[in-house]
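The paragraphs below lead through a chain from its overall layout to the way its helices pack. Keep the structure in view while reading.

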Amino acid sequence: MHACNVVECGDTVLTWTRDQDREILRACRSTGPRAKTFRVLAKSFPGKTNVQVRDRFFTLMQLMKKAQKAAERKAKKSAKTPVKQTPVKQTPSKQTPVKESSGKESGVVKKPRIMQDDQQAGPSRENKGA
């Protein structure tokens, strides 16, 4: 959104530069939009009165509010648009790691042991006695 740089006030046509707009906004940010601020600015802008500078400041504020509202509407609209997500396929043969639960927190992660039907759990008792 661009500021209209040419303003018609009855028979008078005012032109404003971007530098003048920046200077008005900087001065009003630092000292506030006071009559004294507009008088000082008008002295630095040839052919402009303090009332014209004040009117330009309020015009710029209205333009900034419109731009902010438009940006908020755009952000809301883009937030409502669903993001297409691709489904994640998991194979059933993979096991998820299980954290070893000993008395200590070692942080070691082990995969669960998958035993075949003909295997026994733990060490064989036959080998212990020998």
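Helices and strands here are DSSP runs, with at least four residues for a helix and at least two for a strand, numbered from the N terminus. On that basis, the chain has four helices and four strands. The model is a predicted one. Read from the N terminus, the order of elements is β-β-α-α-α-β-β-α. The chain has 130 residues, of which 15% count as buried. Of the contacts between residues at least 6 apart in sequence, 40% join residues at least 24 apart.

Helix 1 covers residues 18–31. Its 14 residues should span 20 Å at 1.5 Å a residue, and the end C-alpha atoms are 20 Å apart, which agrees. Buried in helix 1 are Gln20, Asp21, Ile24, Ala27 and Cys28. These residues cover an arc of only 135° around the axis, so they sit on the same side of helix 1. The spacing follows from helix geometry: an α-helix has 3.6 residues a turn, so residues three or four places apart point the same way. The face of helix 1 turned away from the buried side carries the exposed residues Arg18, Asp19, Arg29 and Ser30. Strand 2 (12–15), helix 2 and helix 3 are what the buried residues of helix 1 pack against. Just after helix 1 comes Gly32, with a positive phi of about 95°.

Helix 2 has Thr37, Phe38, Leu41 and Ala42 as its buried residues. Viewed down the axis of helix 2, they fall within an arc of 130° and therefore line one face of the helix. Lys36, Val40 and Lys43 are exposed on the other side of helix 2. The cover over the buried residues of helix 2 includes helix 1 and helix 3.

Helix 3 has 31 residues and reaches 45 Å from its first C-alpha to its last, close to the 45 Å expected at 1.5 Å a residue. Its buried residues are Gln52, Val53, Arg56, Phe57 and Leu60. Asp55 also belongs to helix 3. Is Asp55 buried or partly exposed? Its relative accessible area is 39%, and since the buried class ends at 20% and the exposed class starts over 50%, Asp55 is partly exposed. The C-alpha atoms of Asp55 and Phe38 lie 9.6 Å apart, with their positions 17 residues apart along the chain.

How, then, do the helices meet? The axes of helix 1 and helix 3 are 10 Å apart and pack at an angle of about 90°. Angles of 65 to 115 degrees count as roughly perpendicular, and helix 1 and helix 3 are therefore roughly perpendicular to each other. Helix 1 brings Asp21, Ile24, Leu25 and Cys28 to this contact, and helix 3 brings Val53, Arg56, Phe57, Leu60, Met61 and Met64. By class, the contact of helix 1 with helix 3 has eight nonpolar, no polar and two charged residues.

The axes of helix 2 (residues 35–44) and helix 3 (residues 50–80) come within 8 Å and cross at roughly 110°. Helix 2 and helix 3 are therefore also roughly perpendicular to each other. On the helix 2 side the contact uses Phe38, Arg39, Leu41 and Ala42, and on the helix 3 side Asn50, Val53, Arg54 and Phe57. The residues in the contact of helix 2 with helix 3 comprise five nonpolar, one polar and two charged.

Notes: Residues numbered from 1 in each chain as written. Predicted model: local features only at pLDDT ≥ 70, side-chain atom pairs only at ≥ 80, totals over all residues. Heavy atoms only, no water. Axes fitted to C-alpha atoms, helices over the stretch in contact; angles between N-to-C directions. Parallel < 35°, antiparallel > 145°, perpendicular 65-115°, else oblique. Contact = heavy atoms within 4.5 Å. Nonpolar A, V, L, I, M, F, W, Y, C, P; charged D, E, K, R; others polar. Expected span 1.5 Å × (residues − 1). Buried < 20%, exposed > 50% of the residue type's maximum accessible area, 1.4 Å probe, protein only. Arc of directions from axis to C-beta.
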